[in-house]
Amino acid sequence: MTYRTRFLALSGLWVVAVTAVLFFGVRAFRDRLPDPIASHWGFSGAPDDSTPVLAFLIFVSVGWLVLGSAVAGYAARGWRRRRTRAAAGAILTAGAVFMIGLAALTVWSNLDVAEWRQARSMNWQMISVLLIAALAGRLGWFAYHRGPDEAAQDAAEEPELALKPGQRAVWLASVSSRALSAGGWLVLLVAAATAVFQPWPVVLAPLLAGAACLALSSARVQIDEWGVRVAFGPQRWPARLIRLAQIDGARVETRQPLQVGGWGYRVLPNGTAIMLRGGECLVLRLTSGRDFYISVDHAERGAELVNALVTERSAR
């Protein structure tokens, strides 16, 4: 059995096993629970909302199955990178502990009560679950952070464009995220529907969130003699300029969001990323020793121009 097969089999079995624990664990106490059960607690710790037992059962089991399968799927695409496997392991373990803890606390609070308003109070218990889930995620990172790792591209193989003396060139490219765009429109629709029944202060939060998603759902990358400029959205703001003096070189790598900490603008211990979709990325090697990842189409042409401009600047 190859390492890839073992990795995928372990991830799949973990997702299925946790789904079974959630489903059959809640069902085992079905006869001792009211219907509906308390499903939300206020700041005082008293229950203030309820949901049918069946709906809660579907939420925890199917919700985890979808999340776990999505994480395992992304890890399967980038399994050769140790960091991708470690990130997937952290999410799978932390997510499993959180969902099992949430289900266990909900069942415990509703156990043997006549109706949901009599459910036991909850406040500090949830904080404990979050702390244990964070610790489990850390352990999952170490458990999956082993095995072979894909070798980084050699700096000697970085592509470079041949510029004639005095010649100037500009490279433009764009990238967009369908997920962010769809999410932004969905949140705006929710805000519009909420406005019918709620006062405007309640609508303000989803309205701003939807507008922010749409504003950051696309980006334009411009490379010229000044450096690399990344501007978000049709409004071309906010923008980030990386000056040519800050760049040692550029290369192209294939990265998935989980490998750089997720979607959006991500700051990592050893680099920064603007990730709107998985796949081909322009990677800038900065003079500070950090890497700057930009998910963009036709990244190789951009890397060629960056390296040509860096070489020309060094020769002055």
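Start by selecting Trp124, Ile127, Leu131, Ala134, Leu135 and Leu139: on one side of helix α4 these residues are exposed, exposed being over 50% relative accessible area, buried under 20% and partly exposed in between (1.4 Å probe, protein chains only). This is a predicted model, in which local features need pLDDT of at least 70 and side-chain atom pairs count only at pLDDT 80 or more, while totals for chains, interfaces and linings use all residues. Residues are numbered from 1 along each chain as its sequence is written, and side-chain values use heavy atoms, with hydrogens and water left out. Helices (H or I, at least four residues) and strands (E, at least two) are DSSP runs, numbered from the N terminus.

**Helix α4**

Now select Gln125, Val129, Ala133, Ala136, Gly137, Gly140 and Tyr144, which are the buried residues of α4. Looking down the axis of α4, these buried residues fall within an arc of 120°, so they line one face of the helix; the arc is that of the directions from the helix axis to the C-beta atoms. An α-helix has 3.6 residues a turn, so residues three or four places apart point the same way. Next, put a distance between the end C-alpha atoms of α4: they are 31 Å apart, which agrees with the 30 Å that its 21 residues should span at 1.5 Å a residue. The expected span is 1.5 Å times one less than the number of residues.

**Helix α3 and Ser109**

Move to α3, residues 82-110. This helix has 29 residues, and its first and last C-alpha atoms are 42 Å apart, close to the expected 42 Å. The helix is mostly covered, with 21 of its 29 residues buried.

Select Ser109 in α3. Is Ser109 buried or exposed? At 0% relative accessibility, Ser109 counts as buried. Its side chain reaches the backbone oxygen of Arg120 at 2.6 Å. This can be checked against the cut-off for a polar contact: a pair of N or O atoms within 3.5 Å, where within protein one must be able to donate a hydrogen and the other to accept it, and residues adjacent in sequence count only if both atoms are side-chain atoms. Show the surroundings as well: apart from neighbours within four places in sequence, Ser109 is in contact (heavy atoms within 4.5 Å) with Trp41, Ala119, Arg120 and Met122.

Then step to Asp112, in the loop between α3 and α4 (124-144). Asp112 is not a glycine, yet its phi is positive, at about 60°.

**The β1–β2 hairpin**

From Ser109, follow its contact with Trp41. Trp41 stands opposite Pro47 in β2. Strands β1 and β2 (residues 47-51) pair in the antiparallel sense over four bridges; two strands pair if DSSP finds at least two bridges between them. The hairpin has five residues between the strands, and there Gly45 takes a positive phi near 95°.

**Two cis peptide bonds**

Go back to Pro36, in the loop between α1 (3-28) and β1 (37-41). The bond joining Asp35 and Pro36 is a cis peptide bond, with omega about 10°. A cis peptide bond also joins Trp237 and Pro238, with omega about 0°. Select Pro238 in the loop between β5 (227-232) and β6 (239-243).

**Salt bridges**

How many salt bridges does a search of the whole structure find? It finds eight, a salt bridge being a side-chain nitrogen of Lys or Arg within 4 Å of a carboxyl oxygen of Asp or Glu. Return to Asp35, whose side chain meets that of Arg30 in a salt bridge (3.0 Å, N to O). Asp35 is partly exposed at 44%, and Arg30 is partly exposed at 33%.

Next select Arg251, Glu253, Arg255 and Asp291, which are linked in a network of salt bridges. Within it, the side chains of Arg255 and Glu253 meet at 2.5 Å, N to O. Arg255 is buried, at 6% relative accessibility, and Glu253 is buried, at 9%.

**Helix α7**

Finish at Glu304 and Arg301, which form a salt bridge with the closest N and O atoms 3.3 Å apart. The two are three residues apart in α7, so about one helical turn separates them. Glu304 is buried, at 15%. The last selection is His298, in the loop between β11 (291-295) and α7 (299-315). His298 has a positive phi near 55°, in a residue other than glycine, and counts as exposed at 60% relative accessibility.
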